[in-house]
Amino acid sequence: QWSWQYEARLNTAARLLNLERKVSVIQTTGEDWDGVALTITTARPNQSTQPAPLRSLAVDLFKPMPISPQPGRMELSRAAPMDTLISSTALEEAQAADVFQRSFADVSATQYLVSFEIPGVVSVAADSQPEILPIDQRQLPVELVTRAFPESERAAYLEARFTLDETLPLQAGLMQLYRDDVYIGRRYEAALQAMEEVQLPFGQDERVRIETRLEPEETRDGGTFRRSAVDNRRATFEVTSFHSEPIDLEIIARLPVPQNSAINVSIDDEATPFDEEDVDGITGALLWQRIAQPAQPVEIQHFYSVSYPEDERLQYQDR
């Protein structure tokens with residue numbers, strides 16, 4: 001048995017990502033492999049089951065029936081960091097404009113299959129213990145973006161973004177994440193295709209403060225002839241960066257998605273215009289992009305109204 005493993009080491013000062021690919025090999029044949037030639041192939045499919053971190057917020061007319069509880073956010077599991085095969089000074093010696101790739105294995109590829117031949121010979125004991133073998137490593141310049149989700153939590157998260165500018169994909173596997181040589185966690189990463197835009201999360205940005213001010217929710221009659229009620233939602237998000245330099249900031253919030261033709265959702269005139277909608281393919285997700293200056297709050301007014309028949313009630317549900 002074998003599986004892919006990755007180490008992603010982010011240098012925030014240089015804005016460089018050192019990404020190393022390894023393979024973990026386990027064999028239980030009952031006979032030790034001593035001095036064998038080993039080739040790893042992508043002929044075996046891998047699948048990703050990672051849930052989406054954000055879902056659309058649906059609004060429908062109330063139905064008096066039990067509602068199944070929604071699963072909470074899955075926390076990233078923690079594990080002790082593996083020994084790295086790269087010196088910690090490798091990133092410091094590189095320049096931000098440089099992109100390099102080093103291969104520890106001989107690669108042969110077709111349009112549908114990639115094989116990695118480990119140079120020389122290797123030994124793998126038949127004791128169910130993994131043998132970790134290096135495959136290749138690459139260093140990439142990245143953009144750093146801090147994302148905030150004020151509706152759900154008061155923490156902001158750092159992302160490193162880059163384009164996988166090469167001809168071969170990276171297969172799905174377990175990825176260990178390091179930020180400035182500090183281990184922050186791991187995640188299962190789905191396959192990354194050549195020329196794909198990649199967003200890797202690197203934990204909370206502790207130098208960003210998020211505050212949310214909610215005005216009292218108000219439900220009012222829409223008028224005698226309209227026979228409708230209006231549910232007003234008014235939230236002001238204030239995000240402040242305490243970094244010493246400006247940072248790229250993205251603030252994301254949701255607009256309810258009607259599930260019934262009798263429901264109408266409208267953005268109030270006083271709301272802050274958004275820069276993008278249906279973010280990351282999530283219907284109703286709105287995004288505001290800002291350059292956050294040090295200690296200068298960024299304020300977003302997320303005001304909207306939901307109108308519906310006055311003899312009904314609304315129910316909000318994550319989907």
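**Exercise 1. Determine what share of the contacts in the chain with a separation of 6 or more comes from residues 24 or more positions apart.**

Solution. A contact means heavy atoms within 4.5 Å. Among contacts in the chain with a separation of 6 or more, 75% are accounted for by residues 24 or more positions apart. The model is predicted: local features need pLDDT of at least 70 and side-chain atom pairs count only at pLDDT 80 or more, whereas totals for chains, interfaces and linings use all residues. Residues are numbered from 1 along each chain as its sequence is written, and side-chain values use heavy atoms, with hydrogens and water left out.

**Exercise 2. State how many helices and strands the chain has, and what percentage of its residues is buried.**

Solution. Helices (H or I, at least four residues) and strands (E, at least two) are DSSP runs, numbered from the N terminus. The chain holds one helix and 25 strands. Buried means under 20% relative accessible area, exposed over 50%, and partly exposed in between (1.4 Å probe, protein chains only). Of the 319 residues, 42% are buried.

**Exercise 3. Give the strand order of the three-stranded sheet, and explain why one side of β20 and of β25 is left without a neighbour.**

Solution. Two strands pair if DSSP finds at least two bridges between them. The order in this open sheet is β20-β5-β25, with mixed pairing. Strands β20 (257–258) and β25 (314–318) are at the edges and have a single partner strand each, so one side of each lacks a neighbour in the sheet. Strand β5 (residues 57–61) runs parallel to β20, and two bridges join them. In one of these strands, β20, V257 is the bridge partner of A58.

**Exercise 4. Locate D60 and decide whether it is buried or exposed.**

Solution. D60 belongs to strand β5. Its relative accessibility is 11%, so D60 counts as buried. Leaving aside residues up to four places away in sequence, D60 touches Q259, N260, I263, R313, L314 and Q315.

**Exercise 5. Identify the edge strands of the six-stranded sheet, and follow the chain from β22 to β23.**

Solution. The strands of this open sheet follow the order β15-β12-β11-β19-β23-β22, and their pairing is mixed. Its edge strands, β15 (197–204) and β22 (276–277), each pair on one side only. Two bridges link β22 to β23 (residues 285–292) in the antiparallel sense; L286 in β23 is the bridge partner of E277. The loop between β22 and β23 contains D278. D278 is not a glycine, yet its phi is positive, about 55°. With a relative accessible area of 37%, D278 is partly exposed.

**Exercise 6. Describe the lining of the second largest pocket by position, strand and residue class.**

Solution. On a 1 Å grid over the protein atoms alone, a pocket is an open set of points with protein on both sides within 12 Å along at least five of seven lines, and lining residues have an atom within 4 Å of a point. The volume, about 520 Å³, is the space filled by probe spheres set on the points, which are joined across faces, edges and corners. Of the 19 lining residues, T12, R15, L144, H243 and I247 are the closest to the centre. Strands β11 (143–148) and β19 (247–254) each supply at least two lining residues, and β11 gives the largest share, three residues. By class, the lining has six nonpolar, five polar and eight charged residues. Here Ala, Val, Leu, Ile, Met, Phe, Trp, Tyr, Cys and Pro count as nonpolar, Asp, Glu, Lys and Arg as charged, and the others, Gly among them, as polar.

Technical notes:
On a 1 Å grid over the protein atoms alone, a cavity is a set of points where a 1.4 Å probe fits but cannot get out, and a pocket is an open set with protein on both sides within 12 Å along at least five of seven lines; lining residues have an atom within 4 Å of a point.
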